[in-house]
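Student: I would like a close look at one part of this model, the nonpolar interior. Please take it piece by piece and then set it in the context of the whole chain.

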Amino acid sequence: MSEPAKRPNIIVILVDDMGYSDIGPYGSEIRTPTLDRLAAGGARFSQMYNCARCCPTRASLLTGLYPHQAGVGQMVNDRGVGPAYQGYLRDDCVTIAEALKPAGYRTLMSGKWHVGGPYDAQRPDAWRPGTAGFPTPYTRGFDEHYGTLAGAANYFDPYTLIHNDTFIEPTGDDYYYTDAISENACRMIEASVADETPFFAYVAYTAPHWPLHAFADDIERYRGQYRQGWDALRTGRHEQLKGLGVLDRKWEISPRDESAPPWADAAEKDWQDARMAVYAAQIDRMDQGVGRIVATLERLGQLDDTLILFLSDNGGCAEFLAEDGHVARYGGLTRDGRPIRIGNRPDIAPGDADTYMSYELPWANASNSPFRLFKHWVHEGGIATPLVAHWPARFAGGALHHQTVHVIDIMATCLEAAGAIYPAEHHGRAVTPLEGESFLPLLEGRSWSRQRPLFWEHEGNRAVRLGPWKLVSQDERGQWELYNMDEDRTELHDLGQREPGRLTELQGLYEQWAQRVGVVPWDQLRRRRR
């Protein structure tokens, strides 16, 4: 009798608010030697998609369902319109961790959760992790979790920091959240290997989400590199993407976003350069952390038998931070007692623990080069993400795949790689059938293409993808736009008037899907803010 095939380890690495062209394998000037190595020894995908926003993407990745089916149709506040918008993972879905545990896997998580209901920093006692309405990784199948439960986090002093279900405080004078995520992931992996147990590790960095926080040495590596400005950066990255074969040479770069001034007209150029330098430093530090994980796998003899998937939860973030804006709750004092200065103020150098800034729309436009729009929208700039896959025992390096894949496919792919089964029920409840499709055959060099359409809806922004065709609308009150993505990936030439029949067909598919998963019109939800 032959021995059963060895079960692989699986690591899913998700970064936060990182644009399509922000890492080396996708045309970036930012130093990412670890991701360069994983891409060269594995595979890249040119058409991988997320759900346009952090918590909907995380809900979808964890469950293999659309965000509404997982309970996070908008964000983490309960909108009072039913389970699609309850703001936390539903009981009629299972997480990857819950599906892999019966197959003998140890399930590990290090990093950001953000699918467990709202957290009010002004009323922390009203929030009860692990109770009804506030699920945590520890209550949704993970054997161990170190990280944060809320969305954005101060890198030097993150709030909602937790180990399993116990709140903890950062330790050490040089604490930096990105490093802590990496170090705890390595620690958990070492313990699992010591017990000779295959593991699933979900490593969810907050980098490079605002605030712009980084160590001085990392920032100095990039200071001055962005004095050429966002226009040159966008076009340079576009040329790199074409040269790498990731993008077709016939696809034109989208125009600079109308809200971004030409670099020649930009004020405070030194400060603008400094903001982008800090953003680059955050990605650099994240890559260093992935390097620690890879080095740990190598030292333990596990790298060849580990499937690694790396992607981003949405496109680059154009959000502006103002002193009186929604980030006021992140104010207060640094760990050493200094007041935190919130806002994008040119009189303050970004990067230190006593600042709280974002890099803003013009740089986000460069992060998403060559695409239109940003995080929150479902045009390509909001939903296109790099995907790097690495598994030496099962597929050779150097592949570049152009088939359409989506974050809902991560669950199905991981289960097939592990030889695990998606359950029909969990804890006595029927489970919503899996929406994703495993792309493991594609990784292994076999023929594969998606069998079903893909859909998006976030705060009224809507899209359908069927084969080469994409129907998309910016806001539900906006006009539908139709694009042939084989000919026009940058969405510059709307074919809706030339192809009315196809537009009507895709619109009908969208409406059927929206009804099936419980989409509620955004105008109606907006009036029910909680």
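Tutor: What follows goes from the core outward to the chain as a whole. The model is predicted. Its largest nonpolar core holds 107 residues. Within that core, I11, Y205, M286, I293 and F310 touch the most other members. Helix 8, which spans residues 269-299, gives the most to this core, with 13 residues.

Y205 is a useful place to look in detail. Leaving aside residues up to four places away in sequence, Y205 touches I13, L14, V15 and D16, along with R58. The list for Y205 also includes T178, I181 and S182, and then M286, G289, V290 and I293. A second core, separate from this one, has 61 residues, among them M75, Y119, L387 and A418.

As a general point, nonpolar side chains in soluble globular proteins tend to be buried together. In this chain, buried residues make up 62% of the 530 residues. Of the contacts between residues at least 6 apart in sequence, 73% join residues at least 24 apart.

Now the chain around these cores. It contains 14 helices and 18 strands. Its radius of gyration is 22 Å, close to the 24 Å from the globule rule for 530 residues, so the chain is as compact as a globular protein of that length. Along the principal axes, the C-alpha atoms fill a box of roughly 70 × 65 × 50 Å.

On the outside, the accessible surface comes to about 19,300 Å², and carbon and sulfur atoms account for 48% of it. The chain carries 55 positive and 72 negative side chains, with the centres of the two sets 2 Å apart.

Methods: Residues are numbered from 1 along each chain as its sequence is written. This is a predicted model: local features need pLDDT of at least 70, side-chain atom pairs count only at pLDDT 80 or more; totals for chains, interfaces and linings use all residues. Side-chain values use heavy atoms; hydrogens and water are left out. Helices (H or I, at least four residues) and strands (E, at least two) are DSSP runs, numbered from the N terminus. The radius of gyration is taken over C-alpha atoms; the globule rule is 2.2 Å times the number of residues to the power 0.38. Buried means under 20% relative accessible area, exposed over 50%, partly exposed in between (1.4 Å probe, protein chains only). Contact means heavy atoms within 4.5 Å. Accessible areas come from the Shrake-Rupley method with a 1.4 Å probe; for residues, only the protein chains shown count as cover. Lys and Arg count as positive and Asp and Glu as negative; His and the chain ends are not counted. The place of a charge is taken as NZ of Lys, CZ of Arg, CG of Asp or CD of Glu. A nonpolar core is a set of buried Ala, Val, Leu, Ile, Met, Phe, Trp, Tyr and Cys residues joined through side-chain atoms within 4.5 Å.
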